[in-house]
Amino acid sequence: MDNVELSDAIADLAGLVGRVEETGERVCVTDGGEPTSVLLPAAELAELEHFAQRTHGGVRPRPGPGPGPGPGQPFGPDPQGPYIRYVHADGRRMTFVRDRVVVAELRSAAEIDWLEDRARTARQGYMPPKQAAAFEEFLARQGPVGDGVAWIAGSWRCQQPFTKLEFIKGPTAEDVALAYGADARDIADGLLLHQVEEQDAREGTDDLTRVLAFGEENGWTWLGYHDFDHAFSRLLDPPPAQQITLGATMAKAIYAFSYFEDGVYQNPFPVEDGAEDRRDMYELIWYTPGEAPFAPEAPLSFLNLHLRIAEKAGNWTDNIALFFEGLERAFGLALPRDAITSGNVRCARPARR
């Protein structure tokens, strides 16, 4: 980026604008060697504004227009060689037009610095559609980290060892268990699932069906429990960043999947004209391998690719296990297989009332 002193910029604004239009490069206007403003292509400013407005938060307010080429700017369009200069209401910011096309903008150096800082944050998470699709496919082809969740699909379908599986992003496993109404003493004592099973066998109790098993895998808190008597509240305030719920009701052949982001339901059946139109789940029996279960415009359409990759991998033939593998690939879900089957996972009974 070239630097031009303020006096020289005032003397040949048209020349500077022409240089910016021809080269696509910025020109920094200085006063005594200190940057005061920047002349840049209009398209570049539009891109900065586009990304900057998509960055939320931040404590530094947008700077004012700052000093420009000089005071006393004329009112109305001002010819500058082949260009027309339009001075903004603050008398500092300027827009340069040729043949009714905006070609360059003048903004304070502080404002450009602010825009670049904001835009940089937004750009870090942005990819063009083709690149995003290729990256999504790359991620989908990666195998699950750890044990995955497809291994539990068969027994889960038979309501063993749990009828409910939940995966929650954000809060710790202990915090979730407490919020669900689990007994704080059991959590503090580190109660294990096999201890409850052994007590049931020894004392003839049935506590195993009334405990909440929990742990953390791959950045998710996982929960496993039965929901026979609604012993747990399942309410988190505020809602977690992501929440996946899988429920099995063998007697009715209902196997359900639901997904929330920040408490907002993402499944493909939104409310239309009334609450009665809403469905709270996606039934896994609706999934047919080879067919895309979610419409392209649905929030969960990204799952289609992960399910297709799971089908091609050929690790499972059961539809529910295939769907679970799709969830593994899409979200990185996992459950500790040996720990769960041996009962060496933490659990808690409902809090005593």
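Q: A salt bridge takes a side-chain nitrogen of Lys or Arg within 4 Å of a carboxyl oxygen of Asp or Glu. What makes the pair Arg157 and Asp318 a salt bridge?
A: The model is a predicted one. In it, the N to O distance between the side chains of Arg157 and Asp318 is 2.6 Å. The limit is 4 Å, so the pair qualifies as a salt bridge.

Q: Which parts of the chain does the pair of Arg157 and Asp318 link?
A: Arg157 is in helix H6, while Asp318 sits in the loop between H10 and H11. The two residues are 161 apart in sequence, and the pair is described as linking distant parts of the chain.

Q: Are Arg157 and Asp318 buried or exposed, or in between?
A: Arg157 has 30% relative accessibility and Asp318 has 29%. Buried needs under 20% and exposed needs over 50%, so both residues count as partly exposed.

Q: How many salt bridges does this rule find?
A: The count comes to 13. Some of them share partners, and in this way Glu21, Arg98 and Asp99 are joined into one network.

Q: How do you know that Arg19 and Asp2 form a salt bridge, and what does the pair tie together?
A: Their closest N and O atoms are 3.0 Å apart, which is within the 4 Å limit. Arg19 belongs to helix H2 (residues 13-23) and Asp2 to strand S1, so the pair ties together parts that are 17 residues apart in sequence. Arg19, at 32% relative accessibility, is partly exposed, and Asp2, at 41%, is partly exposed too.

Q: Why is Arg26 called buried, and what is Glu44, its salt-bridge partner, called?
A: The closest N and O atoms of Glu44 and Arg26 are 2.8 Å apart. Arg26 has a relative accessibility of 14%, which is under 20%, so Arg26 counts as buried. Glu44 has 24%, which falls between 20% and 50%, so Glu44 counts as partly exposed. Glu44 is in helix H3 and Arg26 in the loop between H2 and strand S2 (27-31), 18 residues apart.

Q: Why are strand S1 and strand S4 called edge strands?
A: The open sheet has seven strands in the order S1-S2-S3-S7-S6-S5-S4, with mixed pairing. Strand S1 (2-5) and strand S4 (78-80) each pair on one side only, and they are the edge strands. From one strand to the next, the twist averages 25°.

Q: How do you know that strand S6 and strand S7 pair?
A: Pairing requires at least two bridges between two strands. Strand S6 (residues 94-98) and strand S7 (residues 101-108) have five, in the antiparallel sense, so the requirement is met. Arg98 stands opposite Val101 in S7.

Q: Which strands does helix H3 touch where it packs on the sheet?
A: Helix H3 (residues 42-52) touches strand S3 (34-41) and S7. The direction of H3 makes about 100° with that of S3.

Q: What makes the phi of Arg100 worth pointing out, and where is Arg100?
A: Most residues other than glycine have a negative phi. Arg100 is not a glycine, yet its phi is positive, about 65°. Arg100 lies in the loop between S6 and S7. Its relative accessible area is 81%, which is over 50%, so Arg100 is exposed.

Q: Which cis peptide bonds are described here, and with what omega?
A: One joins Gln160 and Pro161, with omega about -10°. Another joins Asp237 and Pro238, with omega about 5°. Pro161 is placed in the loop between helix H6 (153-157) and strand S8 (164-169), and Pro238 in the loop between strand S10 (220-225) and strand S11 (242-249).

Q: What makes a set of residues a nonpolar core, and how many residues has the largest one?
A: The members are buried nonpolar residues, such as Leu or Phe, joined through side-chain atoms within 4.5 Å. The largest such core has 41 residues, and Phe167, Phe257 and Phe324 have the most contacts inside it. H11 supplies the largest share, seven residues. Apart from this core lies another of 17 residues, among them Leu6, Leu13, Val17 and Ala104.

Q: Which residues does Phe167 contact, beyond its neighbours within four places in sequence?
A: Its contacts include Val149, Trp220, Trp222, Ile244, Leu246 and Leu333.

Conventions
Residues numbered from 1 in each chain as written. Predicted model: local features only at pLDDT ≥ 70, side-chain atom pairs only at ≥ 80, totals over all residues. Heavy atoms only, no water. Helix = DSSP H or I, 4+ residues; strand = E, 2+ residues; numbered from the N terminus. Axes fitted to C-alpha atoms, helices over the stretch in contact; angles between N-to-C directions. Contact = heavy atoms within 4.5 Å. Buried < 20%, exposed > 50% of the residue type's maximum accessible area, 1.4 Å probe, protein only.
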